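Me: Here is a model that I would like to understand step by step. Please begin with the terms I need, and then let me ask about the parts.

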Amino acid sequence: MNLAMYLKEKCGVFISTALFACVMYLFGFAFRVRWEYMNALMFLLLLLVGTNLTVEFWKKKRFYQDLLGKLEGLDQKYLITEMIKEPEFMDGKIWSEALYEIDKSMKERINGLELSRTDFKEYVELWVHEVKVPIATLSCMDYNQNNNLAGQKKQLDRIRYCVEQILFLSRADNPQKDYLMKQLSLEALVNQVVKSNKELLIGNQMRIEKDNLEQIVCTDAKWMEFIIGQMVNNSVKYVKKTGHDTKCETYAQEEIDRIPNSEGGLIHFQAEEYEDRVEFSITDYGMGICKTDLPRVFDKTFTGENGRKVNSSTGMGLYICRKLCEKMGHRIWIESEEGVYTRIYIAFGKDDYYCV
């Protein structure tokens, strides 16, 4: 900041002072005031204005010189708000506060992005370890010239499942690029998921039951099929292979009747319509979730007790499902009893404003 720039900025003050002086001389002439008094008054006025402008100029010059000097010596420029002193002039205080808020917002944004990048990196590392298992299995089958087509298909399905997980996790941060809300039938969505996972369901002797799925909801087909597919995979992964459990007496009778006597399991899809929403539930009668783990099942990378029993668990499936539901405006929650059942709910609002 130099003197010429400052004086140019204060042109308005000089013009106002000159006009005020002219008016004062006119009043002095009209009321016959002695010229000596008028000149003395004008001298005091100019002295006051000049002193005020000089003090203000030096305050601003000292502040901006200090600001630019420290800024030039910093490698990380955003730290400047931590190093400068609070200015003594009003517009400087306003700019300083605004700069502090901008800097604070930028740091929060950077920290959020850094945390997201770290989390994604950690998940990719877990994902790589998980996807290596079916790849290694296929390699061994090929080396041994094992022509077990069913086994190969199973490993390829595992790879497809892993790839879908990481794709949907990456898309969840930019939903506007892959996001289309439509009026869709829940039964059509469930049928498509069952069809896509038929080998998995048949291979594990899983039975499917559906109730009241003719409901129409506003959602994204691709994302919702992934979410339902994730629930189906979890139901298969955590199924109990021992038929009825001793805790079955805690079921309602109609739930007992649906539990299969075979070595497989049951997945039950149901929808209930309310005044402001449609609640869609997916129930399986597998391992269940222990009470201490239940509040954390949607947390990133959380596997809990069941994750220790199933080596292929990464703790990312339900986290991705919750994230996708939040992006679409759906509510998701879970209830479970260990060794008895697990039921996941998804609530679809009836406001179809965003549907096409």
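Reply: Helices (DSSP runs of H or I, at least four residues) and strands (runs of E, at least two) are numbered from the N terminus. The model is predicted, and so local features need pLDDT of at least 70 and side-chain atom pairs pLDDT 80 or more, while totals for chains, interfaces and linings use all residues. Residues are numbered from 1 along each chain as its sequence is written, and side-chain values use heavy atoms, leaving out hydrogens and water.

Me: How many helices and strands does the protein have?
Reply: The chain has 356 residues, of which 38% are buried (under 20% relative accessible area; exposed is over 50%, partly exposed in between, with a 1.4 Å probe and protein chains only). Among contacts (heavy atoms within 4.5 Å) between residues at least 6 apart in sequence, 71% join residues at least 24 apart. As for the elements, the protein has 11 helices and 7 strands.

Me: Which helix gives the largest share of the lining of the largest pocket?
Reply: A pocket is an open set of points on a 1 Å grid over the protein atoms alone, where a 1.4 Å probe fits, with protein on both sides within 12 Å along at least five of seven lines, and its lining residues have an atom within 4 Å of a point. The largest one has a volume (the space filled by probe spheres set on the points, which are joined across faces, edges and corners) of about 640 Å³, and of its 20 lining residues Lys154, Arg158, Leu200, Asn204 and Val236 are the closest to its centre. Helix H5 (149–171), helix H7 (198–203) and helix H8 (221–237) each supply at least two residues of this lining. The largest share, 9 residues, comes from H5.

Me: Which helix gives the most to the largest nonpolar core?
Reply: A nonpolar core is a set of buried Ala, Val, Leu, Ile, Met, Phe, Trp, Tyr and Cys residues joined through side-chain atoms within 4.5 Å. The largest one has 51 residues, and Ile227, Ile228, Phe269 and Phe280 have the most contacts inside it. With 8 residues, the helix that gives the most to this core is H8.

Me: Which residues does Ile227 touch, not counting those up to four places away in sequence?
Reply: Ile227 is one of the residues with the most contacts inside the largest core. Beyond four places in sequence, the residues that Ile227 touches are Cys321, Leu324, Cys325, Met328 and Ile346.

Me: How far apart are the C-alpha atoms of Trp223 and Met328?
Reply: Trp223 is found in helix H8, and Trp223 is buried, with a relative accessible area of 0%. Although Trp223 and Met328 are 105 residues apart along the chain, their C-alpha atoms are separated by 9.0 Å.

Me: Which helices do the buried residues of H3 pack against?
Reply: The 38 residues of helix H3 (residues 35–72) should span 56 Å at 1.5 Å a residue (times one less than the number of residues), which agrees with the 54 Å between its end C-alpha atoms. Among its buried residues are Met38, Met42, Leu45, Val49 and Leu53. The buried residues of H3 pack against helix H1 (3–9), helix H2 (11–30) and helix H4 (90–143).

Me: What is the relative accessible area of Gln205?
Reply: Gln205 is in the loop between H7 and strand S2 (206–211), and its phi is near 55°, a positive value in a residue other than glycine. Gln205 is partly exposed, and its relative accessible area is 44%.
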